[in-house]
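Got a structure in front of you and some labels you'd like explained? Let's go through them one at a time and see what each rests on.

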Amino acid sequence: MEIIESKDGNKVVLKIVGRLDTNTAPELDSYLKANVTSDAGMVFDLSELDYVSSAGLRVILATHKVMSSRGGLTITKPKDTVMEVFEATGFSDVLDIQ
């Protein structure tokens, strides 16, 4: 997995590339805790995320909870395979997916 950070106005944009699974979810979690302090919101660009496991979903949900009081979390451009996981788990009803 690769994490590419950029800005969109005041929002932090994280492009997550590769697989978000049991092996890589702790890396994303640590990255978020160490590097993201924005109160202006966050965007996860999932256009190059090929796979998400339950461990990855846990990190996404935890980020959603933290960011709900800090400007929100938006998920953009998920691939069909990732979107199917969001729909099957009910995450599509909870997350702001564009």
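Q: Why is arginine 70 called partly exposed?
A: This is a predicted model, and in it arginine 70 has a relative accessibility of 21%. Buried needs a value under 20% and exposed needs one over 50%, so at 21% arginine 70 counts as partly exposed.

Q: What makes arginine 70 and aspartate 39 a salt bridge?
A: Their side chains meet at 3.0 Å, N to O. The cut-off is within 4 Å, so the pair passes. Arginine 70 sits in the loop between helix 2 and strand 5 (73-76), while aspartate 39 is in the loop between helix 1 and strand 3, so the pair ties together parts that are 31 residues apart in sequence.

Q: Is aspartate 39, at 59% relative accessibility, buried or exposed?
A: Exposed is the word for aspartate 39, because its 59% is over the 50% mark.

Q: What makes glutamate 48 and lysine 15 a salt bridge?
A: Again, look at the atoms: the closest N and O of this pair are 3.0 Å apart. That is within 4 Å, so the name fits. As for what the pair joins, glutamate 48 lies in the loop between strand 3 (42-45) and strand 4 (49-52), and lysine 15 lies in strand 2 (residues 11-20), so parts that are 33 residues apart in sequence are tied together.

Q: Why are glutamate 48 and lysine 15 each called partly exposed?
A: Glutamate 48 has a relative accessible area of 36%, and for lysine 15 the value is 23%. Neither value is under 20% or over 50%, so partly exposed is the label for each.

Q: How do you know that arginine 19 and aspartate 21 meet in a salt bridge?
A: The N to O distance for arginine 19 and aspartate 21 is 3.3 Å, and the rule asks for within 4 Å, so they qualify. Side chains of opposite charge can pair when their charged atoms come close. Counting up, the structure holds six salt bridges.

Q: Which label does aspartate 21 get, buried or exposed?
A: Aspartate 21 counts as buried, because its relative accessibility is 12% and the limit is under 20%. Its partner arginine 19, with 42%, is partly exposed.

Q: What lines the largest pocket?
A: Asp29, Leu32, Lys33, Val36, Met42, Val59, Ala62, Thr63, Val66, Met67 and Arg70 do. The space in there comes to about 170 Å³.

Q: How do the lining residues of the largest pocket divide by class?
A: Seven are nonpolar, one is polar and three are charged. Thr63 is on the lining list, and Asp29, Lys33 and Arg70 are on it too.

Q: Which helix supplies the largest share of that lining?
A: Helix 2 does, with five residues. Helix 1 (25-35) and helix 2 (54-67) each supply at least two.

Q: Why is the pair of phenylalanine 86 and phenylalanine 91 called stacked?
A: There is one aromatic pair by the rule used here. In it, the ring centres of phenylalanine 86 and phenylalanine 91 are 6.3 Å apart and the planes are at 5 degrees, so the pair is stacked. The cut-offs are centres within 6.5 Å and planes under 30 degrees apart.

Q: How do you know that phenylalanine 86 and phenylalanine 91 are buried?
A: Phenylalanine 86 is at 0% relative accessibility, and phenylalanine 91 is at 13%. Both values are under 20%, so both residues count as buried.

Q: What makes the phi of lysine 77 worth a look?
A: Lysine 77 has a positive phi of about 55 degrees although it is not a glycine. Most residues other than glycine have a negative phi. You'll find lysine 77 in the loop between strand 5 and helix 3 (80-89). At 54% relative accessible area, lysine 77 is exposed, because the mark to pass is 50%.

Q: Why is asparagine 10 called exposed?
A: Its relative accessible area is 60%, and over 50% means exposed. Asparagine 10 lies in the loop between strand 1 and strand 2. Leaving out residues up to four places away in sequence, asparagine 10 touches Ser38 and Ala40.

Terms used. Residues are numbered from 1 along each chain as its sequence is written. This is a predicted model: local features need pLDDT of at least 70, side-chain atom pairs count only at pLDDT 80 or more; totals for chains, interfaces and linings use all residues. Side-chain values use heavy atoms; hydrogens and water are left out. On a 1 Å grid over the protein atoms alone, a cavity is a set of points where a 1.4 Å probe fits but cannot get out, and a pocket is an open set with protein on both sides within 12 Å along at least five of seven lines; lining residues have an atom within 4 Å of a point. Grid points are joined across faces, edges and corners, and a volume is the space filled by probe spheres set on the points. Helices (H or I, at least four residues) and strands (E, at least two) are DSSP runs, numbered from the N terminus. Ala, Val, Leu, Ile, Met, Phe, Trp, Tyr, Cys and Pro count as nonpolar, Asp, Glu, Lys and Arg as charged, and the others, Gly among them, as polar. Buried means under 20% relative accessible area, exposed over 50%, partly exposed in between (1.4 Å probe, protein chains only). Rings of Phe, Tyr and Trp (its six-membered ring) pair if their centres lie within 6.5 Å; planes under 30 degrees apart count as stacked, over 60 as edge-to-face and the rest as tilted. Contact means heavy atoms within 4.5 Å.
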